Amino acid sequence: MGEQAVTGAGGTPAPERTPDAGGDDAAAATGSPGPATAGMTADGAAAGEVEVPGAGMTADAGGATGPQSRTTDIVPGPGGVMTDEVGVVTGELTLRTDLADGRVTLHVQYKDADEWYAVTGGSAALADAAGLDAVHSIAVGLLNRPEG
């Protein structure tokens, strides 16, 4: 029998491999590019950028540009939390930090109640939605005082 030329994808000559050069014996014998790896195509050429569905999405239904909110149960200190609608609220509360239209606003409710009250002085501009978690964490740190 005569010799046959081993070619890679597209009919180009396959690179010669030797077992001591890091390739496996089967790949060296067949001229295949070896085991497939992530980010590579079958012919061994680097793959281009790939669009990943859902990448960069947030957990909130509104997405990064729509309304977002975070909630945490808190117990304020003896002075409670001052609200615009009803004055001071005390006891077990839920704090909600909302972001809409570039503005962050704090609200509280008695735990498991229906009504939400705006925290007095609890509104400010927030240029970057990525800061919502930090603002919420700071508000929780300031208002949650279960030890008094």
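What follows is a conversation about a predicted model of one protein chain.

Visitor: What makes Arg96 count as a charge over the ring of Trp116?

Guide: Arg96 lies over the face of Trp116, at 4.3 Å from the ring centre, and the rule asks for CZ of Arg to be within 6 Å of that centre and within 35 degrees of the ring normal, so the pair is counted as a charge over a ring.

Visitor: How many aromatic pairs are there in the chain?

Guide: The count comes to 0 aromatic pairs, and because rings of Phe, Tyr and Trp pair if their centres lie within 6.5 Å, no two such rings meet that rule here.

Visitor: Why should residues 52–63 be read with care?

Guide: Over residues 52–63 pLDDT stays under 50, although the model has 8 contacts there beyond four places in sequence; residues 3–9 also stay under 50, with 10 contacts of that kind. Where pLDDT is low, the predicted coordinates should not be read in detail. For the chain, the average pLDDT is 75, and 56% of the residues score at least 70.

Visitor: Which pattern do the helices and strands follow along the sequence?

Guide: The chain has 2 helices and 6 strands, and read along the sequence they follow the pattern α-β-β-β-β-β-β-α.

Visitor: What share of the chain counts as buried?

Guide: Of the 148 residues, 25% count as buried, which means that their relative accessible area is under 20%. The chain exposes about 9900 Å², of which carbon and sulfur atoms supply 55%.

Definitions and conventions. Residues are numbered from 1 along each chain as its sequence is written. This is a predicted model: local features need pLDDT of at least 70, side-chain atom pairs count only at pLDDT 80 or more; totals for chains, interfaces and linings use all residues. Side-chain values use heavy atoms; hydrogens and water are left out. pLDDT is the predictor's confidence in each residue, from 0 to 100. Contact means heavy atoms within 4.5 Å. Helices (H or I, at least four residues) and strands (E, at least two) are DSSP runs, numbered from the N terminus. Buried means under 20% relative accessible area, exposed over 50%, partly exposed in between (1.4 Å probe, protein chains only). Accessible areas come from the Shrake-Rupley method with a 1.4 Å probe; for residues, only the protein chains shown count as cover. Rings of Phe, Tyr and Trp (its six-membered ring) pair if their centres lie within 6.5 Å; planes under 30 degrees apart count as stacked, over 60 as edge-to-face and the rest as tilted.
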